[in-house]
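Biologist: Could you take me through one part of this model in some detail? I would love a close look at the sheet and at what surrounds it.

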Amino acid sequence: MSWLARLEVDAKTIRNQGISDDVYTWHKMLWDCYPNSPDAERDFLTRIDHLEGAYRFWVMAKRKPACPKWCPADGFSLNEIRSSFLSYRYYAFDVRVNPTKCIAQKGPGGEILFQRDSNGEILRNADGRPKRKHGKRVPLMKPDDLRAWLIRKGRVRCTKDGNDTPGGFRVLDEKPLEISPMVENHFRKKGHTGYHGGVQFRGVLEVTDREKFVETYECGLGSAKSFGFGLLLLAPVSI
């Protein structure tokens, strides 16, 4: 069982509280949904939608979130996500993600470098493939690359420990897949500035492995999840 909270706050209220339009600021603010857990590890997904003159925030977690002080009571709604909601075969989905790829590190002769343990042995993924040493992450921009990224996430996603596991779904080719242009989401953290490239997908998916799909739903898709990416908004549909 999980919880999905929706918070709607007008832009004037946000400005009056001196809150800047910065994704790292939002990241810190949304901790206010859990006021009694100052030392807890972040275990919730978020999403921020910029509306006309307002903001809509989403928070999803297994822990029940509370309405923060900066959100009006009438702007806060909470839904319990029961296991029955995740029992359907098809879903319309809406997700904002940070699609990237890692550039593999290469040696002086152009050879691919692999991760090794303390004994010098090459580390391997769950399927036996050697783990490459990764360097800089770069955003994906081309529609074909973005589509392929999402399809690949349905087949395989990376877990916290770096291993690959099935995503548990497939994107239906026979239904339209809407891919928004990449939007830069800027942030300032500890005196440094940066941005994440955000891309929104809308389409229809089919669940291919129920257990793995539920894991994917609860863990989110892609990277930069603490900055408002990866939360799947779902609606069951009949095909």
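Modeller: Happy to! Bear in mind that this is a predicted model. Let's start with what packs on the sheet: helix α4, made of residues 210–219, lies across β1, β2, β3 and β4. The helix runs at about 60° to β2.

Now to the sheet itself. Its four strands are arranged in the order β2-β3-β1-β4, the pairing is antiparallel, and the sheet is open. At the edges stand β2 (44–51) and β4 (76–81); each has a single partner strand, so one side of each is left without a neighbour in the sheet. On average, neighbouring strands are turned by 15° against each other, direction ignored.

Strand β1, residues 2–10, is a good place to look more closely. With β3 (54–61), β1 pairs in the antiparallel sense over eight bridges. With β4, β1 also makes an antiparallel pairing, here over six bridges.

You can follow both pairings from one residue, L7. Towards β3, the bridge partner of L7 is F57, while in β4 it is F76 that L7 stands opposite. As you trace the side chains from there, keep in mind that in a regular strand they alternate between the two faces of the sheet.

Key
Residues numbered from 1 in each chain as written. Predicted model: local features only at pLDDT ≥ 70, side-chain atom pairs only at ≥ 80, totals over all residues. Heavy atoms only, no water. Pairing = 2+ DSSP bridges. Helix = DSSP H or I, 4+ residues; strand = E, 2+ residues; numbered from the N terminus. Axes fitted to C-alpha atoms, helices over the stretch in contact; angles between N-to-C directions. Contact = heavy atoms within 4.5 Å.
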